[in-house]
Number of protein chains: 2
Amino acid sequence: MTYLAHINIMPKAELLDPQGKVVVKNLPNLGIQGVSDVRIGKHVTMTLEAGSEQEAHDKVETACSKLLANVIMEGYDFVVEEA
Amino acid sequence: MTYLAHINIMPKAELLDPQGKVVVKNLPNLGIQGVSDVRIGKHVTMTLEAGSEQEAHDKVETACSKLLANVIMEGYDFVVEEA
């Protein structure tokens with residue numbers, strides 16, 4: 001079976017996100033008022049073969065924790081669906 | 001009202017995503033087989049004040065098209081919810 005995973009990897013809430021701060025600071029220059037917080041992370045889509053949804057879930061979990069996310073500074077969550 | 005927007009910004013499907021290709025190539029070294037495609041983009045969360053959900057939607061649309069996304073190379077989608 002083919003599965004598609006949607007993964008979000010975000011800087012942890014207690015860490016400063018300088019890239020997001022710059023966006024907040026610059027939005028008024030585009031005429032957009034009222035934005036108080038922006039946080040910027042990664043969105044990853046992964047297409048994979050697995051025997052079951054559980055197996056797909058386990059593969060994505062391993063990929064996130066070992067390669068995609070820096071677990072010291074980032075948290076992640078994902079959903080797996082049949083492709 | 002305070003709204004929270006979840007924005008995904010992804011490289012367009014017809015463009016090569018070299019960062020994703022590197023991940024596909026390296027996952028077998030972690031013991032993860034069967035991953036055929038990975039695409040890496042940005043996930044942005046934005047907290048904003050707006051008079052209505054429509055106004056929040058319009059602000060996020062403007063922020064995406066004018067600042068957050070490179071619309072030549074990237075596509076975006078987002079959802080807005082009450083925070």
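## Helix α2 and its salt bridges in a two-chain model

Being four residues apart in helix α2 of chain A, A:Lys59 and A:Glu55 are separated by about one helical turn. In this predicted model, the side chains of these two residues, A:Lys59 and A:Glu55, meet in a salt bridge, with a distance of 3.8 Å from N to O. The two partners do not share one class of accessibility, for A:Lys59 is buried at a relative accessible area of 15%, whereas A:Glu55 is partly exposed at 35%. The assignment of A:Lys59 as buried follows because its 15% lies under the cut-off of 20% relative accessible area.

Chain B holds a corresponding pair. B:Glu55 and B:Lys59 are four residues apart in helix α2 (residues 53-68) of chain B and are therefore separated by about one helical turn, and their side chains meet in a salt bridge at 3.8 Å, again taken from N to O. Here B:Glu55 counts as partly exposed at 34% relative accessibility, while B:Lys59 is buried with a relative accessible area of 15%. Over all chains, the count of salt bridges comes to two. The residues of these pairs are set out below.

| Residue | Relative accessible area | Class |
|---|---|---|
| A:Lys59 | 15% | buried |
| A:Glu55 | 35% | partly exposed |
| B:Lys59 | 15% | buried |
| B:Glu55 | 34% | partly exposed |

### The buried face of α2

Which residues of helix α2 in chain A are buried? In this helix, which spans residues 53-68, they are A:Ala56, A:Lys59, A:Val60, A:Ala63, A:Cys64 and A:Leu68. Seen down the axis of α2(A), these buried residues fall within an arc of 135°, so they line one face of the helix. On the other side of α2(A), A:Gln54 and A:Lys66 are exposed. The cover over the buried residues of α2(A) draws on both chains, since it includes β1 (2-11), β2 (35-49) and β3 (74-82) of chain A together with α1 (18-26) of chain B.

In chain B, the buried residues of α2(B) are B:Ala56, B:Lys59, B:Val60, B:Ala63, B:Cys64 and B:Leu68. Viewed down the axis of α2(B), they too fall within an arc of 135°, so they line one face of that helix, and on its other side B:Gln54 and B:Lys66 are exposed. The buried residues of α2(B) pack against α1 (18-26) of chain A, as well as against β1 (2-11), β2 (35-49) and β3 (74-82) of chain B.

The cysteine on each buried face deserves a separate remark. A:Cys64 is buried with a relative accessible area of 0%, and B:Cys64 is likewise buried with a relative accessible area of 0%. A search of the whole structure finds zero disulfides over all chains.

### How the two chains are related

What turn and what shift lay chain B on chain A? A turn of 180° with a shift of 0.0 Å along the axis does this, and the resulting RMSD is 0.0 Å. That is the relation of a two-fold axis. In chain B, the C-alpha nearest the axis belongs to B:Lys42 and lies 2.1 Å from it. The same surface serves both copies, in that 100% of the contact residues of chain B recur in chain A.

Methods:
Residues are numbered from 1 along each chain as its sequence is written. Chains are lettered from A and ligands numbered from 1 in the order in which they are written. This is a predicted model: local features need pLDDT of at least 70, side-chain atom pairs count only at pLDDT 80 or more; totals for chains, interfaces and linings use all residues. Side-chain values use heavy atoms; hydrogens and water are left out. Copies are superposed by least squares on the C-alpha atoms of residues with pLDDT of at least 70 in both. Contact means heavy atoms within 4.5 Å. Buried means under 20% relative accessible area, exposed over 50%, partly exposed in between (1.4 Å probe, protein chains only). Helices (H or I, at least four residues) and strands (E, at least two) are DSSP runs, numbered from the N terminus. The arc is that of the directions from the helix axis to the C-beta atoms. A salt bridge is a side-chain nitrogen of Lys or Arg within 4 Å of a carboxyl oxygen of Asp or Glu. A disulfide is a pair of cysteine sulfur atoms within 2.5 Å.
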